[in-house]
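Q: Could you walk me through one part of this model in detail? I would like to start with a single strand pairing and then see what surrounds the topic.

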There are 2 protein chains.
Amino acid sequence: MECEKQYKSFQAAGLKLDMSRGKPSPAQLALTNGILTCLSEEEFQTESGLDCRNYGCLDGLPEAKAFFAPMLGVKPEDLIVCGNSSLNIMYWAMSLAMTNGICGSKPWAKYDKVKVLCPVPGYDRHFAVSQFLGMELVNVPMQADGPDMDVVEKLVAEDDTVKAIWCVPMYSNPGGVVYSDEVIRRFANLKPKAEDFRIFWDNAYCVHHLTDNPPKQLCLLEEARKVGNADICYMFASTSKITHPGSGVAMMAASEKNMKYLKNALSFSTIGYDKINQLRHLRFFGGKFENLIEHMKKHQALIAPKFRIVVDTLNRELGGLGIAKWTDPKGGYFVSFDQKGCAKRIVQLCKEAGVVLTGAGATFPMGVDPEDENIRISPTFPTEAELQKAMDVFVCSAKLAAVEKTLAE
Amino acid sequence: MECEKQYKSFQAAGLKLDMSRGKPSPAQLALTNGILTCLSEEEFQTESGLDCRNYGCLDGLPEAKAFFAPMLGVKPEDLIVCGNSSLNIMYWAMSLAMTNGICGSKPWAKYDKVKVLCPVPGYDRHFAVSQFLGMELVNVPMQADGPDMDVVEKLVAEDDTVKAIWCVPMYSNPGGVVYSDEVIRRFANLKPKAEDFRIFWDNAYCVHHLTDNPPKQLCLLEEARKVGNADICYMFASTSKITHPGSGVAMMAASEKNMKYLKNALSFSTIGYDKINQLRHLRFFGGKFENLIEHMKKHQALIAPKFRIVVDTLNRELGGLGIAKWTDPKGGYFVSFDQKGCAKRIVQLCKEAGVVLTGAGATFPMGVDPEDENIRISPTFPTEAELQKAMDVFVCSAKLAAVEKTLAE
């Protein structure tokens, strides 16, 4: 068989490619190297004269709040600017709900059971946080315009042990779904039975476009405010895939009431985040948000061709075979690939030919993909040449898996 | 009355001095300004070639572990190197015990009551973390060589709801107490009834000496290891008062078993700490621990004269009056002052004359000093001239408070 022969030649070639996570490439990282040297030994103050070297300023530099507010579409006072990891503040916010409840509610850890809604496929690290903290994960199907809101509305209205939902509203991980304005309005209007229900809105890819005319999206917090429901959401973002993933700046936005609660809670866990690094970000972008948007176009120029390699190879080699489907995302970091009953086998075949993918099932709670169909492809880290080789291995593995499945049936 | 007249002249002078926290002065911060520029745009890799800009390396750079291990007297593999705040990892570790227990034990949040021992006077932020997380705070008296170990041993042996104790073993906050080797050995040999009891050992001032021949102290983890009790402690430190408080590096040390548990838990709350900032610290100190020790001598040169101003003024103005006592610490950041029944009044008098001190009672759990006697004096931030003025106000206020108290009796 042709593809079997081809697969053996891949194995013989001794490839060694890791595409397991959505990591920026060294060329992308180099776009931001100027940040390493943008402060001089005398530049440690903000414009208002605050000494960023010392303790204090719990919730982030006022200038950093003003700078990052447009990224989440909120007002500076809705924002806190934190350390290098949005996962860290998401963990903190959920762990805080476990130990101390939300805005005075009963601590979630005091319940026998609390549940979190997980749109699937979704981001493994979100699900893992909730699982680790002892929550029960409830799958909610993703649709073309976001989570199935009929299901979400029903579950939160009926069950007061449902305390949260994880969302990546723009270019969802892994499906690349852009939540529609209607879905966002339905989120803004949610009427949960549990008063301490919160939407964990991780806008990780809000400025991470792959096209020149990116979609515009409503701001959940603003929409919720309009209908008197501003406390429904916690919103998160970071510069991890804007500047340097290891040393970026994360942020959180929420209503006035939530912020009052969160800032008080925060005061017990830190004296302040790294303000010097916030100052570096302000200096690197010249304090102008449009410079950040221009910066993202340089990322786009480097990674859009990689997404084309993935999608073109899938179209060319698997198009019309009827064995699989995949996304052609307009932004974000992933191509989502579905081939029923074959995901584990494809990941295994790829691995045995030297291409490490995200584990099959990783995009589902507890790592269990009920249809064993979804694979998350992360094209950004390899070079274009490496990526083409990896995709050649991938489509060959997909065909082999399809043949094996047919023979077994 | 002479001191009443003097006090009025202080009020008229319109002073405005804030001595409420242990903050390094701008001159101290300037010692480290080179760290802002010590990386070039091409220097983002460790010696082993790891790209510090990208994701990964959950528990800190191997080089940073090797560099900081001598600070806590441990082996590099005992250490994780974190973000800018040791308070943050202490909060995380205690919050984690609430949500997930310790090494597989029942989550503390599932108990009706869990207690933490608080040597008093002590660090307000330690006590506040435990109080915020819902723990009951139990006072333990401090002695000249550390906490009263008869009390500690009895409480942990008898009561399995006693889950932790807060310690600052070197130059304790605020008493400046250096725990004796005997006390450390007794900690190492603790036999708690609760198997998930941990000593939270915050070695915040381990290299922060004010004398040329600093005391040497046993390493708790090593002593505990010798007696087969290595899991008894979590140890913490940071560079907050070595480099820049806002943008330093924190670390945590623990036994192999604890570390295995902690690193797994950590993987849910972050992808990694700011490795670029860890690299900056390595470069700034040339990767040599003795350079950090030399650096601390520059801090000593700046702050030891300030401690002299405080202690000399107290000796000169209050010595022999029999109304108060105070410490003459060999390191750390505070002078601890005791005047029975007068602490609140002295702090109030100072405030009304423009000198803000740490609130009276702050050094006790829940802010309640049973004898209303302890005041924490933080001499490092003001200039020497400002500090002298502040101390003049302080001793005058102390005398006034003593007179008022006598008259009221």
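Which residue in E11(B) is the bridge partner of Lys325(B)?

A: The bridge partner of Lys325(B) in E11(B) is Asp338(B). A word on conventions: this is a predicted model, in which local features need pLDDT of at least 70 and side-chain atom pairs count only at pLDDT 80 or more, while totals for chains, interfaces and linings use all residues. Residues are numbered from 1 along each chain as its sequence is written, and chains are lettered from A and ligands numbered from 1 in the order in which they are written.

Let's stay with the strands. Strand E10 of chain B (residues 325–326) runs antiparallel to strand E11 of chain B (residues 335–338), and two bridges join them. Strands and helices here are DSSP runs numbered from the N terminus (E, at least two residues; H or I, at least four), and two strands pair if DSSP finds at least two bridges between them. E11(B) is also joined, by four bridges, to strand E13 of chain B (residues 374–377), again antiparallel. Asp338(B) comes up here too, as it stands opposite Asn374(B) in E13(B).

Now for chain A. Its strands E10, E11 and E13 form an open sheet in the order E10-E11-E13, with antiparallel pairing. Strand E10 (325–326) and strand E13 (374–377) of chain A are at the edges with a single partner strand each, so one side of each has no neighbour in the sheet. Four bridges pair strand E11 (residues 335–338) of chain A with E13(A) in the antiparallel sense, and Asp338(A) is opposite Asn374(A) in E13(A).

How do the two chains relate? A turn of 180° and a shift of 0.0 Å along the axis lay chain B on chain A with an RMSD of 0.0 Å (a least-squares superposition on the C-alpha atoms of residues with pLDDT of at least 70 in both). This is the relation of a two-fold axis. Both copies use the same surface, with 98% of the contact residues of chain B recurring in chain A; residues are in contact if their C-beta atoms, placed from the backbone, lie within 7 Å.

Chain B gives 49 residues to the contact and chain A gives 48. On the side of chain B that touches chain A, at least two residues each come from helix H2 (26–30), helix H4 (86–100), helix H5 (124–132), helix H9 (256–269) and helix H10 (275–284) of chain B. H4(B) has the largest share of that side, six residues. By class, the residues of that side are 22 nonpolar, 19 polar and eight charged (Ala, Val, Leu, Ile, Met, Phe, Trp, Tyr, Cys and Pro count as nonpolar, Asp, Glu, Lys and Arg as charged, the others, Gly among them, as polar).

H4(B) also packs on H5(B), at an angle of about 30° and with the axes 10 Å apart (axes are lines fitted to C-alpha atoms, for helices over the stretch in contact, and angles run from 0 to 180 degrees between N-to-C directions). That makes the two helices, H4(B) and H5(B), roughly parallel, a label for angles under 35 degrees, with over 145 roughly antiparallel, 65 to 115 roughly perpendicular and the rest oblique. Leu87(B), Met90(B), Tyr91(B) and Met94(B) in H4(B) meet Arg125(B), Val129(B) and Ser130(B) in H5(B). Five of the residues in this contact of H4(B) with H5(B) are nonpolar, one is polar and one is charged.

Conventions: Contact = placed C-beta atoms within 7 Å.
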